[in-house]
Amino acid sequence: MLRLVSAMMASASSLCAGPMFQDLSENLPKHIYTGGWEHFVGGGAALFDCDADSLPDIFVAGGSKPAQLIRNGGDFEFTLATVPEITVVTGAYPIDINGDGLMDLFVLRVGPNVVLKGGPDCTFSDVTAAWGLPTDTRPTLAIGNYVNRADPDGPFEACDDNVILRPNPRGYAADVLTPGFCPLSMLAAKDARGRDTLRLSNDRHYYVAGGYEQMWDIETSRYLTAAEGWPKLSLWGMGIASRDLNGDGRDEVMLTSMGDQVLQIAQVDGRYRAAPFEFGIYAHRPYTGGDGRPSTGWHAEFADVDNDARADLFIAKGNVDQMPGMATRDPNNLLLQQPDGTSQEVGFEAGIASIKRSRGGGLADLDGGGRLDLIVVNRRSPLQLYRNVTAQGGNWLRLDLRQPGGNRNAIGAVVRVTTVEGVQVLQKLIGGGHASGQALPLHVGLGAAENATVQVTWPDGSRTEKALIAGQSHLIEK
């Protein structure tokens with residue numbers, strides 16, 4: 001049997017109380033992601049700090065209604081902020097495109113996408129048409145496109161082409177990325193070989209016969225084959241997440257879908273292999289609510305919700321609309337990683353087992369208290385907000401990376417955290433999930449450890465190492 005056990009997992013302390021969340025959804029301004037078939041998918045949220053108060057703010061898709069920016073006032077008080085009115089928004093990703101220290105937003109829409117330039121104090125302006133910047137200050141962007149609505153034979157067999165946006169002196173030029181199998185999530189991260197890749201989670205079953213999940217090698221500009229370690233796997237792909245789960249420096253890949261949620265475990269030889277069923281990660285049917293039909297998984301996110309030095313997994317669940325073959329009472333998952341690497345479902349006990357049609361979301365420390373809270377975007381139902389009130393969690397670190405140049409927040413850096421509990425390796429990423437992204441400091445649970453040695457491998461390969469004290473936020477500069 002394939003095992004995912006490490007020294008870190010075997011030695012991490014067993015903390016007595018499980019994770020607990022308090023539903024504070026009433027503290028949010030009312031907002032609903034809604035719309036017709038074009039908005040069956042999407043429903044994402046971007047989490048980032050737009051007013052430099054070290055508290056995450058939230059930009060949330062609205063579907064047929066305008067997207068909204070929800071400002072975090074601290075102590076779980078939230079208000080609406082003014083942003084340009086944008087409708088038919090499906091998701092958004094925060095990224096400092098011009099390297100000025102203020103987060104911008106790449107906004108995904110049914111139709112032309114929009115770029116919002118961030119200004120001081122949570123102000124934004126639409127620069128989609130006007131923005132022209134020096135070439136060396138802007139990132140390359142990968143954009144996944146879903147159905148080509150102009151195709152008269154659509155929506156089935158009508159997947160649109162994906163694009164790579166490359167900066168040039170006049171703005172951006174688009175390179176077509178084909179074949180496209182209607183991606184619902186994309187994530188740029190280092191793969192099991194340690195190389196930069198783009199992972200695509202594709203809704204191939206409805207829209208393209210013969211479609212499959214894809215991994216694109218960024219250096220060689222081509223898709224990896226099964227012979228190169230990425231197995232040819234066909235799913236109703238919805239979401240994607242990446243995290244090293246055993247401290248070996250190689251990220252596992254989680255793929256959500258209608259039915260099985262599949263964990264691809266990184267191997268020593270750079271290949272991937274599906275986790276055995278005994279790992280308890282497949283979450284293929286509802287665990288409460290009385291509906292025994294298969295589940296539909298959307299947003300996936302690895303994070304340590306109880307700070308025990310083991311990454312856990314949140315999955316947002318919900319029927320596409322009224323699909324009779326799939327569960328309609330489909331609770332969100334919280335899969336708590338155990339010392340042997342398996343996962344235990346604790347969503348009901350933790351208080352997050354909503355049966356609304358969830359889509360996107362995010363885990364972030366919304367009050368600065370050292371515990372990861374949860375925001376969930378639902379289709380045709382209000383946002384949900386959960387405060388992490390876990391009583392006996394472990395210690396933690398918050399790591400804010402900063403380097404000179406256009407990639408100011410060091411996207412693509414690899415952070416190695418060593419404590420008496422073992423080793424954790426995290427990548428600094430933005431994408432993944434389902435139409436949802438974060439541009440926040442890294443949160444690292446430490447278990448019982450009171451300090452840690454942190455080594456940052458910057459995107460250019462250089463390294464910085466520091467000894468840090470638990471329970472604090474730390475700025476690490478190149």
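**View 1. The whole chain, a predicted model, has the radius of gyration that its length suggests.** For 478 residues a compact globule would come out near 23 Å, and this chain has 21 Å, which agrees; the radius is taken over C-alpha atoms, and the globule rule is 2.2 Å times the number of residues to the power 0.38. Along the principal axes, the C-alpha atoms fill a box of roughly 60 × 50 × 50 Å. This is a predicted model, so local features need pLDDT of at least 70 and side-chain atom pairs pLDDT 80 or more, while totals for chains, interfaces and linings use all residues. Numbering runs from 1 along each chain as its sequence is written, and side-chain values use heavy atoms, with hydrogens and water left out.

**View 2. Strands and helices make up the fold's inventory.** Count them up and you get 35 strands and 3 helices (DSSP runs numbered from the N terminus: E, at least two residues, for strands; H or I, at least four, for helices). Buried residues account for 59% of the 478 (buried is under 20% relative accessible area, with a 1.4 Å probe and protein chains only).

**View 3. Strand E25 sits mostly under cover.** E25 spans residues 358–364, and 7 of its 7 residues are buried. Its partner here is strand E26 (residues 373–378), running antiparallel and joined to E25 by 5 bridges; strands pair if DSSP finds at least two bridges between them.

**View 4. Zooming in on one bridge of that pair, we meet alanine 364.** Across in E26, aspartate 373 is the bridge partner of alanine 364.

Key. Buried < 20%, exposed > 50% of the residue type's maximum accessible area, 1.4 Å probe, protein only.
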